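Open the structure in your viewer and keep the selection panel at hand. The stops below follow one another, so take them in order.

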Amino acid sequence: MKFFIDTASLAQIKEAQDLGVLDGVTTNPSLMAKEGISGHDRVMKHYVDICNIVDGDVSAEVIATDYAGMIKEGEDLAALHPNIVVKVPMTRDGVKAIKYFTGKGIKTNCTLVFSAGQALLAAKAGATYVSPFVGRLDDVSTDGVQLIEQIRVIYDNYGYGTEILAASIRHPMHIIQCAEVGADVATCPLSAITALFDHPLTTIGLEKFLADHKKAATAVKA
Ligand code: E4P
């Protein structure tokens, strides 16, 4: 399973890249706003900065909601860097825009997906990625991981090439559960990725190995 980081923070992207397990980045307008990135030129430069840190797909979301606007914005974003993936909302115009981008060889990520039917439409339009929002479904007492499982079955039934990008991941168990049901990608906050490293028995075990090594070295000297 690929690991993407879900942030527009260059510092966090660099930190995740340094871990050696990062495959890409997803952003959205809220994450860009959180970093104080606004205005056309700054936004475009920020995407290029992200692409220069990570050697993998970088999702950049369109703001337009009409077909013509999405096409114009998406083409401008795609021209920034070969790793840019145009992120398009799951709407009627969005699905049409995905179909258009697919025809042009531009990679897409269909976002704000909350049902299997929406995921089926994204795959039929040829989306590179579909983003079901696991955490936001859990927030409204609906099993987000179950949706990933359902989409996996549907895509496998028909051999759709669209990759399932589990989004709105909140904690390490989400990552593990999404891996168990066959998500292709999980896009996660840095904290959820780094939490995977930790286990108290690893810490205790390493301390004991090092203490025993030190004891043996002292005994040889004596
Ligand atoms: C990523 O592609 C999504 O925009 C993001 O994961 C949403 O996460 P949130 O529900 O934590 O805002």
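Begin by selecting Arg170, where a polar side-chain atom lies 2.9 Å from an oxygen atom of the ligand, a polar contact being a pair of N or O atoms within 3.5 Å. This is a predicted model, in which local features need pLDDT of at least 70 and side-chain atom pairs count only at pLDDT 80 or more, while totals for chains, interfaces and linings use all residues. Residues are numbered from 1 along each chain as its sequence is written, and side-chain values use heavy atoms, with hydrogens and water left out.

Add Arg136, which has a polar side-chain atom 2.7 Å from an oxygen atom of the ligand, and then Ser168, which also places a polar side-chain atom 2.7 Å from a ligand oxygen.

Now widen the selection to the residues around the ligand (those with a heavy atom within 4 Å of it), among them Asp6, Thr26, Asn28, Lys87 and Phe133. This shell divides into two nonpolar, three polar and four charged residues, where Asp, Glu, Lys and Arg count as charged, Ala, Val, Leu, Ile, Met, Phe, Trp, Tyr, Cys and Pro as nonpolar, and the others, Gly among them, as polar.

Next, hide the ligand and look at the space that it takes, which is the largest pocket. A pocket here is an open set of points on a 1 Å grid over the protein atoms alone, where a 1.4 Å probe fits, with protein on both sides within 12 Å along at least five of seven lines, and its lining residues have an atom within 4 Å of a point; a molecule sits in it if more than half of its atoms lie within 2 Å of its grid points.

Finally, select Asp6, Thr7, Asn28, Leu31 and Ser168, which lie nearest the centre of the largest pocket among its 25 lining residues.

Conventions
A polar contact is a pair of N or O atoms within 3.5 Å; within protein, one must be able to donate a hydrogen and the other to accept it, and residues adjacent in sequence count only if both atoms are side-chain atoms.
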